[in-house]
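User: Please take a close look at one part of this structure, chosen for its backbone pairing, and place it in the context of its chain. Please also comment on any residues elsewhere that help to complete the picture.

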Amino acid sequence: MTHLEEELKSLKKSVLEMTALAISQLKKAKDAYMNMDTEIAQVVIHNEKRMNAIELSIDRDCENIFALFNPVASDLRFVIAMLKINSDLERIADYAEGIASYVVDFDQDLRAELIEATKLNLMFDIAISMAQDIMVAFDEEDDKLAMKVYKKDVELNMINKNSSSVICDFAKKDPDIIVQSLFLFSTIRKLERVGDHIKNIAEELIFYLEAEILKHKKNG
Amino acid sequence: MLKESGEMKDRIKGGSYMLESKNVNVFYGDKKVLQDVTLQVPENTVTALIGPSGCGKSTYLRLFNRMNDYIENFRKEGDILIDGKDIYRKDAEIEELRKTVGMVFQKPNPFPKSIYENVAYGLRIQGINNKDVLDEAVEKSIKKAALWDEVKDDLKKNALALSGGQQQRLCIARTLAVEPSIILMDEPASALDPISTAKIESLIYELKQNYTIVVVTHNMHQAGRISDKTGFFYLGELVEFGDTKQIFTNPKNKKTENYISGRFG
C-alpha cells in the first residue's frame, strides 16, 4: 500500500466514524424529542462539540492530502467527496443538536394527535434509515444503494410539504397549540434539511464512484 | 492519519539530533555557496531539501558524508554533527563516516558486476568474504530495497542489464548492505519513469522506520509525498525549514510560498 493509499484509507475510516456519530446523534434526538427527555437532549448537545472537532480534523486531513499528494482521478474525486460529505455530516449533526435544544427549551409534552398527523415519527425513521443506508453505501462503495438513498429524499419532502396544511388545520381548531405547532413545524423543517444533506452525501458518493454529477438534476 | 497540525514531535537520540548543522558557511574559492545554515534532522525521519538549481541544497547534502572535500577550493565554516559528533574533527575517520552515512545518486550507478556482487561489494571491501554471511546480507538488503521478487532467480545477471528503476533500487540495496543509519539521496528518482519513481518513493517511506533519510529533490510534489520535514534553500540560504505539512499548507516565508506554488524557480 502506498503512502497515499494509507492516507486515503485512514480518511475513509475517519469519515465513517463521523457518519456513525451523526446517526447516533439523530437517533438520540429522536428519543429525546418523542419522549421529551431533556437528559438525552443534553447528551446530544454535549456530543455536538465532538462532531465539530472531528469536522475540523477531517478538513485538515483533506487539506494535507491535497497539498502533499496532489491526488488525481478517482483519488481526487474521493478527497473532494470526503470534504463535502464532512460538511454535510456536520450540518446533519447541527440539526440533531437543534432538535435536542428544542426539547430542553420547550420542555412540555406535545399533543400526540398532532405528532401523528404530521407523521413526525415516520420522518425521523426515514431520515435515520437513509443515514444508515448511506453509511453502508459509503463503506461498501455501493453506488446502487447510494442512488436508492438519493431517491428516498422525496419521501421526506412530501411529509414536509403536507405538514404545513396539517398543522394549520390543527391551529385553526385550537389556537392554544400555536406555540407547539410552530415548534413542531420547525422540527419538521430540520428533518427535511437532514434529508437534503443525506441526499447530498449520496450525490458525492456517486460522483466519487461513477464520476457522475447528479447535483441540480431534476430526479428525486 | 497525517499528524495533527503544529510541530511534529522530534525524536532525538540520546539528546542529539541525528544530523545537525550549526551556522554553516561553505565557500568554493571566494564564492560563498551556503550561508549560515542551521538545521536539525531528527532520527527516523525523511527530510526533503528543495530549491531551484544552484541554491546549495546538493552542496549541503554532501557535507554530511564529506564528499565536498574532493572539490578544489572547498572550505567550510561552522559545525556539521552526526549523532552529536563533529564529523569534520581532526581525528574523524572518513571510512567510518561512510559506513554510517550511505548515499544514493541521481543516476543509478551500479558497478559492471553481477547483482549479487554489487550488493556484496561494500562488505567485501570491509574484509567480509564468508559466503553464508554475504548471502544473508545480500538477500536481506535486496529485500529491504523492494527488489528481491524481481531478481531473486537471477542474482548472477549483470546489474547493467536491469532497468533504470531496478538499478536505482539495487544501488539502494548496495547502500543498505553496509548497514548505515543515515541515507543521503540526491535526486534519487529524477532519471526514472513514473512507475519506478513511485516504487522509490514507497521504498523511502518504508525505509524511514529504520533509517534517517535526507533527500534532495527538484520535484516539490515528491517532497510532499515522502518527507516529514522540508527545507527550502534559495541562493545559499535556508529560507525555511519545518514540518512538510506546514511548509506545503502554510509556509511562513513568501519566498517559500512562491517557490512551492511554481511562481518562480
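Analyst: Two residues are in contact when they have heavy atoms within 4.5 Å of each other. By that criterion, and leaving aside residues up to four places away in sequence, A:Glu203 touches A:Tyr150, A:Leu214 and A:Lys215. The model examined here is predicted. A:Glu203 belongs to helix α7 of chain A, which covers residues 178-210. Burial requires a relative accessible area under 20%; A:Glu203, with a value of 8%, is therefore buried.

The part chosen for close inspection is in chain B, and the chain as a whole provides its setting. Chain B contains 10 helices and 10 strands. Its radius of gyration is 18 Å, close to the 18 Å that the globule rule gives for 265 residues, so chain B is as compact as a globular protein of that length. The C-alpha trace of chain B spans about 55 × 45 × 35 Å along its principal axes. Of the 265 residues in chain B, 53% are buried. Among contacts in chain B with a separation of 6 or more, 68% are between residues 24 or more positions apart. The exposed area of chain B is about 12500 Å², of which carbon and sulfur atoms supply 46%. Chain B carries 38 positive and 37 negative side chains, and the centres of these two sets lie 1 Å apart.

Within this chain, the part of interest is an open sheet. Four strands of chain B form this sheet in the order β2-β1-β4-β5, with antiparallel pairing. Its edge strands are β2 (31-41) and β5 (85-86) of chain B, each of which pairs on one side only. In general, the strands of a sheet are joined through backbone hydrogen bonds, in either a parallel or an antiparallel arrangement.

Strand β1 of chain B, residues 19-28, merits particular attention. It pairs with β4 of chain B, residues 74-82, in the antiparallel sense over 8 bridges. Along this pairing, B:Ser21 stands opposite B:Ile80 in β4(B), and B:Lys22 stands opposite B:Asp79 in β4(B). As a general rule, side chains in a regular strand alternate between the two faces of the sheet. β1(B) also pairs with β2(B), again in the antiparallel sense, over 7 bridges. Here B:Val26 has B:Leu34 of β2(B) as its bridge partner. Of the 10 residues of β1(B), 7 are buried, so this strand is largely enclosed by the rest of the structure.

The connections between strands also deserve comment. The hairpin of β1(B) and β2(B) has 2 residues between the strands, and B:Gly29 takes a positive phi near 65° there. Most residues other than glycine have a negative phi. B:Asp83, a residue other than glycine, nevertheless has a positive phi, near 55°. B:Asp83 is located in the loop between β4 and β5 of chain B. Its relative accessible area is 26%, and B:Asp83 is accordingly partly exposed.

A further positive phi occurs in chain A. There, A:Lys119, also a residue other than glycine, has a phi near 60°. A:Lys119 lies in the loop between α4 (112-118) and α5 (120-140) of chain A. With a relative accessible area of 46%, A:Lys119 is partly exposed.

Definitions and conventions
Residues numbered from 1 in each chain as written. Chains lettered and ligands numbered in written order. Predicted model: local features only at pLDDT ≥ 70, side-chain atom pairs only at ≥ 80, totals over all residues. Heavy atoms only, no water. Rg over C-alpha atoms; globule rule 2.2 N^0.38 Å. Buried < 20%, exposed > 50% of the residue type's maximum accessible area, 1.4 Å probe, protein only. Areas by Shrake-Rupley, 256 points an atom, 1.4 Å probe, with all protein chains shown as cover. Lys, Arg positive; Asp, Glu negative; His and termini not counted. Charge placed at Lys NZ, Arg CZ, Asp CG, Glu CD. Pairing = 2+ DSSP bridges.
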